[in-house]
Amino acid sequence: MQEDALKWNKKHLEHPMPHTPSDLLQSFLPTLLQLPSKYALDIACGNGRNSKFLAQHGFVCDSVDISEVALQMSANHPKIHTICADLDTYRPTPNHYDVVLNFYFLNRDLFPFIQTALKSKGIFLLETFIKEEDGFNSSQIIDEKILNHGELEHTFKDFEILHKHTSYITRREGEQAKIISFVAQKS
Ligand SMILES: C[S@@+](CC[C@H](N)C(=O)[O-])C[C@H]1O[C@@H](n2cnc3c(N)ncnc32)[C@H](O)[C@@H]1O
């Protein structure tokens with residue numbers, strides 16, 4: 001934990017990440033606002049760009065990250081509760097959230113806990129790196145941090161998939177990397 005926290009604190013200080021909320025999240029706001037209550041969990045929230053967007057639209061947001069530096073950037077909204085924790089071991093409260101965000105972070109062991117953390121009809125939004133269909137990883141990111149083709153559909157097979165789209169982004173280092181944007185609703 002301590003080593004990862006230091007590594008991420010350094011990254012957040014040396015290479016500040018964008019503060020604009022995700023396009024995917026913005027486009028799903030009308031759907032999220034129809035949910036009966038407004039409790040959200042932002043997994044590996046970073047500077048809180050997405051937590052702040054939800055908080056500005058009335059959501060109470062639990063925002064979890066291992067980096068205190070990142071959390072200091074998220075903490076300035078009364079509806080955001082920051083939680084400094086290692087998501088290798090942190091487990092969210094079951095049946096508590098209407099919305100769970102998982103952006104640019106991958107810990108497969110968390111997926112079952114995300115599923116139980118969502119209430120019935122709760123919505124899961126994810127965007128992160130994915131391999132090519134033939135399993136090729138064109139990026140510099142280590143294999144275990146990249147989704148396999150079809151993995152989300154299999155893992156969230158009991159959910160209704162509301163949106164699924166792949167595209168490419170240019171990373172800071174200039175490389176092109178494939179990403180998936182995925183939204184699914186618990187039954
Ligand atoms: C690429 S950033 C994404 C931040 C945010 N989700 C976004 O899209 O802007 C990855 C985040 O994961 C956090 N992180 C990395 N390993 C973690 C762990 N084991 N537990 C909790 N947070 C972790 C980092 O501190 C960093 O803020």
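The largest pocket in this predicted model has a volume of about 1700 Å³. Its lining counts 44 residues. Closest to the pocket centre are Trp-8, Met-17, Tyr-104, Phe-105 and Phe-129. By class, the lining divides into 20 nonpolar, 10 polar and 14 charged residues.

Several elements build this lining. Those that give two or more residues are helix H1 (2-14), helix H2 (23-32), helix H3 (49-56), E5 and E6. Helix H1 supplies the largest share, 5 residues.

His-12 also lies in helix H1. Is His-12 buried or exposed? His-12 counts as buried, because its relative accessibility is 5% and the cut-off for burial is under 20%. Leaving aside residues up to four places away in sequence, His-12 touches Met-17, Gly-46, Ser-67, Val-69, Ala-70 and Met-73. Of these contacts, Met-17 is also among the residues closest to the centre of the largest pocket.

**Nonpolar cores**

In soluble globular proteins, nonpolar side chains tend to be buried together. Here the largest nonpolar core holds 24 residues. Which of them touch the most other members? They are Phe-111 and Phe-124. The elements giving two or more residues to this core are strand E1 (39-43), strand E4 (97-103), helix H5 (111-117), strand E5 (118-129) and strand E7 (176-185). Strand E5 thus appears twice: it gives two or more residues to this core and two or more to the lining of the largest pocket.

Phe-124 has a long contact list, again without residues up to four places away in sequence. Phe-124 touches Val-100, Asn-102, Phe-111, Ile-114, Leu-118, Phe-156, Phe-182, Val-183 and Ala-184. Phe-111, the other residue with the most core contacts, is thus one of its partners.

A second core is separate from the largest one. This second core has 17 residues, including Leu-29, Leu-35, Phe-59 and Val-99.

**Salt bridges**

Side chains of opposite charge can pair when their charged atoms come close. How many salt bridges does a search of the whole structure find? The search finds 7. Among them are these pairs:

| Salt bridge | Closest N to O | Separation in sequence |
|---|---|---|
| Asp-98 with Lys-119 | 3.4 Å | 21 residues |
| Arg-108 with Glu-151 | 2.5 Å | 43 residues |
| Lys-164 with Glu-153 | 3.1 Å | 11 residues |

The pair Asp-98 and Lys-119 links distant parts of the chain, with Asp-98 in strand E4 and Lys-119 in strand E5. Asp-98 is buried, at a relative accessible area of 3%.

Arg-108 sits in the loop between E4 and H5, while Glu-151 belongs to helix H6 (residues 151-155), so their salt bridge ties together parts that are 43 residues apart in sequence. The partners differ in exposure: Arg-108 is partly exposed, with a relative accessible area of 28%, whereas Glu-151 is buried at 14%.

Helix H6 also holds Glu-153, which pairs with Lys-164 in strand E6 (residues 160-170). This pair too links distant parts of the chain. Lys-164 counts as partly exposed, at 46% relative accessibility. Glu-153, at 24%, also counts as partly exposed. Strand E6 is in addition one of the elements that give two or more residues to the lining of the largest pocket.

Key
Residues numbered from 1 in each chain as written. Predicted model: local features only at pLDDT ≥ 70, side-chain atom pairs only at ≥ 80, totals over all residues. Heavy atoms only, no water. Core = buried A, V, L, I, M, F, W, Y, C linked by side-chain atoms within 4.5 Å. Buried < 20%, exposed > 50% of the residue type's maximum accessible area, 1.4 Å probe, protein only. Helix = DSSP H or I, 4+ residues; strand = E, 2+ residues; numbered from the N terminus. Contact = heavy atoms within 4.5 Å. Salt bridge = Lys/Arg side-chain N within 4 Å of Asp/Glu carboxyl O. 1 Å grid on protein atoms, 1.4 Å probe; cavity = no way out; pocket = protein on both sides within 12 Å on 5 of 7 lines; lining within 4 Å. Points joined across faces, edges and corners; volume = space filled by probe spheres on them. Nonpolar A, V, L, I, M, F, W, Y, C, P; charged D, E, K, R; others polar.
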